[in-house]
Amino acid sequence: MHELFEHTADLGLRAVAPDVNTLFAEMAACLMSAIVEDPASIQPLHESALQLAGTEKDYLLVDWLKELLLRFEEDHMLFATFDVQVSDTGLTATLRGEPVDPQRHALAHEVKAITYHELKVIQTPQGWLAEVIVDI
Amino acid sequence: MSKAEYTGPLEPMGCHCYRIPKTYKPGMRVDGHIYANEKLLEAIRKDQAPEQVANVATLPGIQVASIAMPDIHWGYGFCIGGVCATDPNEGGVISPGGVGYDINCGVRLVKTNLFLHDVQPRLKELVKQLFHTIPSGVGRTGKYKFDPAETRRLMGEGPKFVIQRGLGVPRDLDHTEAYGFIEGGDPELVSDHAVKRGSEQCGTLGSGNHFLEVQVVDRIDDDQVAKAFGLELNQVCVMIHSGSRGLGYQVCDDALASFRNCAQKYGFHLPDRQLACAPVDSPEGRKYIAQMRAAANFGFCNRQLLMQQAREVFAAVFGRSWEDLGMELLYDVAHNIAKLEEHTINGQKKKVWVHRKGATRAFPAGHPEVPEAYRAVGQPVIIPGDMGRASWVLVGAPGAMEKTFGTTCHGAGRAMSRTAAKADAAGRKIDRELEHRGVIAMASSRFGLAEEQPKAYKNVDDVVEVVHDANLSRRVARMRPLGVIKG
């Protein structure tokens, strides 16, 4: 489960999940929901793989979201599904999505960057919680 | 606001300044100074921005105070509306967070010799043409394409590079902060990712609070300075607010990643990771400074190309050349930047790194960095407000040199979060409401107008009153919006 939450001039991404893999996938979906008005309009047409190194989960989450933002900015790719495997040394992921089609994708916000401000990846009695503020 | 209210001290010091004493929290090296009045202070207390002012006071080498302007609001790491000067000779740091992601975000004001009665009958056509010509919004690329080598030249030469291609005239540089070129940048140190993000975006407006507005001078507060700036009542101008686009965002992002371990490496504690910084005199610090200066030069290029496109639209709509329409640049000034400047601290002249994050340089009359045409009166300061009420032209005043490292406010400051503004606009038609107020507004995204509606901002008149009364900058002319294009 994920949601956007308010921050004065920017936006917050928040997700809760039973495990870390799902948490990272939910945060990715949350980022897409900040960029596109209707994330359901993104079709999983093209598959790509991604690998990142990192031992600290909070920094790894920032790097994961940064990489997705970069693929949107540089290659104009939006993603619909995320299979993520987080380990102690990094993550591997399979992404499925498609390039932006202005006829079908109404873009909502220009996410300038993923910030470290009040960054959270924590284990709770119910599972895992993550929060990230993105710069708009 | 979603965040808890600030309950710490804000002690009145007189002259619209409130102090957070350095005893407030451990690690503060200097006091916090917030410029405000009682009315604005009430809003300022509603989130954690004052806490962020206190956090900035912990940075190594900080001089005099961690300063905030009356348009302060909660940012990430640094508050928006913050000023921090550090001395490299006292272990002073450079902080990408103190500049912001949008390096050299700023404002430029272009004059015309048209008056309200000339523009009013063709306003809708004019705004429509501006909206269709000037790329705005998420993912929109520009009509100007630069390959990676050319993108690096934009950073290495500034707007001079595009002016040589006929996109402007050399006198535009005379009225641009730093003459449109900050020395010491190194485009070769800017990552390929940043270059790729920027290569399609030079000459695009972007999204969020960026805009291009057709405005009319609706009040003159200082006849002499207005005359020196070439402004008169009912004159039509164009205000442009944008920055260094994806290139600048990526430069900041790259630097923050490389600064992750600097606090530990150089032995200081930071209360917020977003305050990541490195000593000015360190490999990380020197590299960021060279990258940031290069990105700033790209930002000047972006606003130059936005201006040039606006000139072309005016020429097409009014059937006269832009030169004939008197579309001269009044001034271009950054409000997200860090610069090495000379200031007098405790009677001693020092070169310090002044970080302005959502704060505008405001040098007074006689300062050598004020363009010759304005040196007798002071540097023009351009303050965008909201799209329903007003923006301002101010002039730098001596108080800024004495109290705020030559700095004043940068805008109205948000009063509502984006989500709250969007919820508030549900069921309303913001464009219709603005049209009733005489403003034609067009935006690329459905959320653009809702999140940026006038109510989402403090009244810029209140902010300007504080900086005027505190003698940081003086009121010259009030600008009322007629037409707005947004992302």
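Here's a walk through the enclosed spaces of this predicted model, followed by a look at one arginine in chain B.

Let's start with the holes. Searching the whole structure turns up three cavities of 30 Å³ or more. The largest has a volume of about 470 Å³, and 33 residues line it. If you want to find its centre, head for Ile80(B), Asn209(B), His241(B), His410(B) and Tyr457(B), the lining residues closest to that point. As for secondary structure, β4 (65-76) and β8 (211-220) of chain B are the elements that give two or more residues to this lining. The chemistry splits evenly: eleven nonpolar, eleven polar and eleven charged residues.

Next comes the second largest cavity, with about 100 Å³ of space. Here both chains chip in: chain A brings Phe72(A), Glu73(A), His76(A) and Glu110(A), while the chain B residues include Arg140(B), Lys196(B), Arg197(B) and Arg245(B). At least two lining residues each come from α2 (57-75) of chain A and α8 (192-199) of chain B. By class, this lining has one nonpolar, four polar and seven charged residues.

Now for that arginine. Arg108(B) sits in strand β7 (residues 106-115) of chain B. Is Arg108(B) buried or exposed? Arg108(B) counts as buried, because its relative accessibility is 0%, and the cut-off for buried is under 20%. Leaving aside residues up to four places away in sequence, Arg108(B) touches a set of residues that includes Thr176(B), Met239(B), Phe300(B), Tyr331(B) and Asp332(B). With Asp332(B), the side chain of Arg108(B) makes a polar contact of 2.7 Å. Further along the chain, Ile383(B) is 275 residues away from Arg108(B), yet their C-alpha atoms are separated by 9.7 Å.

How values were computed. Residues numbered from 1 in each chain as written. Chains lettered and ligands numbered in written order. Predicted model: local features only at pLDDT ≥ 70, side-chain atom pairs only at ≥ 80, totals over all residues. Heavy atoms only, no water. 1 Å grid on protein atoms, 1.4 Å probe; cavity = no way out; pocket = protein on both sides within 12 Å on 5 of 7 lines; lining within 4 Å. Points joined across faces, edges and corners; volume = space filled by probe spheres on them. Helix = DSSP H or I, 4+ residues; strand = E, 2+ residues; numbered from the N terminus. Nonpolar A, V, L, I, M, F, W, Y, C, P; charged D, E, K, R; others polar. Buried < 20%, exposed > 50% of the residue type's maximum accessible area, 1.4 Å probe, protein only. Contact = heavy atoms within 4.5 Å. Polar contact = N/O pair within 3.5 Å; in protein donor to acceptor, adjacent residues only side chain to side chain.
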